[in-house]
Structure formats: C-alpha cells, structure tokens
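Please explain how this protein chain is put together, taking strands, aromatic rings and cysteines in turn.

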Amino acid sequence: MSSKKPHHEAEQEAMEWNAERTEATIKPRGLNIVWGNDPRYWHLPEKRSNDPVELVQVCWLEVTGSVEVKRGKKYQIGFKISLKADAFGWSGCPVFMMAKLGKKGKYTWRKMKPLDHLGKEAAEIPDEKFEILVPEQGENQLYFGLYEVWNGKWKGGLLIHHAFIREVK
C-alpha cells in the first residue's frame, strides 16, 4: 500500500473553482475514498493528473467530498463516471447520492438508476438533477457522496472522472 492509512483522504489542491466561483470540479484525488489507498481495491491517478480513479473491486463503495459554498444559493451536485468493458456487480445494484450542510446536518439523498446502463463514454450522474439549497443563515460547508454499502456484493470497473458542484441560476 502507498500509505499507512487504507483510505484516501481528499487533497485540497485537486479541487478547482471557475473564475465566478459558480462551479467546482473535484478531481479524484480531491475526494475521500474508502479503501482508496489500497491498490487491491482502487487505482488512484497520479497527482495533478486528469485521469479518472478506477475501482478495481469493493463491496463497500463510499466516495465523499466537501466544499464551502455561498449562502442563499442552490447547488447541483453530481459525478462524471463511466464503466469499463469488464465492469461487474452493477446490475440492479442500488447506488445513492447523499448531501448535507455541516457535519451535523440532515442528509438529503437520491436513489439512482442502476449504473449498468452506462458505457465507456463518461456521463454525469444522477440522470435527474440532485440539488441542495443553502440557507442565508447557518452552515455552508457542503458534504456529499456516492454510496453503495448495503447489498454486500463485489463490484468493479467503475471510473470516476470527477465530482462537480454547480450553482443553479
């Protein structure tokens, strides 16, 4: 393993905002990935690379991130992903996206369509917009993630190109 810790912790330099601070792109190294430092389960791209992170095999998918957002705005949250030709374990597999404001916030979640319909071309998920409103007062640290931790089946071949946070006009 490349680190004493089995999980990959987000690297701040792997997150970029556009000039207007209305859209953030979080590259794979900017995400927290459970078992991400173990090459038996994940292949992380090199630092400063635009390559995706590759899921080799896991039975517990948990990829999370956090970003500070503007109060009083609504944000769309998503991931750009694809599946390799030899991907497995995704048929009928329930994948969820969740988001909350602040560490103690209440999660908003969305069950997504099974990912087995995806192909080699990278696509944004979820298919339907997943949005969260940041109130004028209170927390503005947005925590979000992609999860499949319930069915216990092994899955692999997922490529995560990046996560994104977009201000909704």
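The paragraphs below go through a central example of each topic.

The model is predicted. A convenient place to begin is strand β8, which covers residues 95-101. Seven of the seven residues in β8 are buried. In a regular strand, side chains alternate between the two faces of the sheet. In β8 both faces are covered. One side carries Val-95, Met-97, Ala-99 and Leu-101, the other carries Phe-96, Met-98 and Lys-100, and all of these are buried. The list includes Lys-100 alongside residues such as Phe-96 and Met-98.

Strand β8 pairs with two strands that can be followed here. Five bridges connect β8 with β9, residues 108-112, and the two run antiparallel. Within this pairing, Met-97 has Arg-110 of β9 as its bridge partner. The hairpin formed by β8 and β9 has six residues between the strands, and Gly-102 in that hairpin adopts a positive phi near 75°. With β12, strand β8 shares six bridges, and this pairing is antiparallel as well. Here Ala-99 stands opposite Phe-144 of β12.

Phe-144 also leads to another strand. Thr-64, in strand β6 (residues 61-68), touches Phe-144, together with Leu-31, Asn-32, Gly-145 and Tyr-147, when residues up to four places away in sequence are left out. Is Thr-64 buried or exposed? Thr-64 counts as buried because its relative accessibility is 15%, and the limit for buried is under 20%.

The aromatic rings come next. A search of the whole structure gives five aromatic pairs. Such a pair is described by the distance between the ring centres and the angle between the planes. For Trp-35 and Tyr-41 the centres are 5.8 Å apart and the planes stand at 55°, so this pair is tilted. Tyr-41 also pairs with Trp-154, with 6.4 Å from centre to centre and 15° between the planes, and this pair is stacked. The pair of Tyr-41 and Trp-154 links distant parts of the chain: Tyr-41 is in the loop between β3 (32-33) and β4 (42-43), while Trp-154 is in the loop between β12 (141-148) and β13 (156-168), 113 residues apart. Through these ring pairs, Trp-35, Tyr-41 and Trp-154 are linked into a cluster. Burial varies within the cluster. Tyr-41 is buried, at a relative accessible area of 16%. Trp-35 is partly exposed at 34%, and Trp-154 is partly exposed at 42%.

Charged groups also lie over rings. Arg-21 lies over the face of Trp-17, 4.3 Å from the ring centre. The charged end of Arg-166 sits over the ring of Phe-164, at 3.8 Å from the centre of that ring.

The cysteines remain. How many disulfides does the model contain? The count is zero. A disulfide would need two cysteine sulfur atoms within 2.5 Å. The closest cysteine sulfur to that of Cys-59 belongs to Cys-93 and is 11 Å away, so the distance is too far for a bond. Seen from the other residue, Cys-93 is in no disulfide, and its nearest cysteine sulfur is that of Cys-59, at 11 Å. Their surroundings can be stated as well: Cys-59 is partly exposed, with a relative accessible area of 28%, whereas Cys-93 is buried, at 1% relative accessibility.

How values were computed:
Residues are numbered from 1 along each chain as its sequence is written. This is a predicted model: local features need pLDDT of at least 70, side-chain atom pairs count only at pLDDT 80 or more; totals for chains, interfaces and linings use all residues. Side-chain values use heavy atoms; hydrogens and water are left out. Buried means under 20% relative accessible area, exposed over 50%, partly exposed in between (1.4 Å probe, protein chains only). Helices (H or I, at least four residues) and strands (E, at least two) are DSSP runs, numbered from the N terminus. Contact means heavy atoms within 4.5 Å. Rings of Phe, Tyr and Trp (its six-membered ring) pair if their centres lie within 6.5 Å; planes under 30 degrees apart count as stacked, over 60 as edge-to-face and the rest as tilted. A charge sits over a ring if NZ of Lys or CZ of Arg is within 6 Å of the ring centre and within 35 degrees of the ring normal. Two strands pair if DSSP finds at least two bridges between them.
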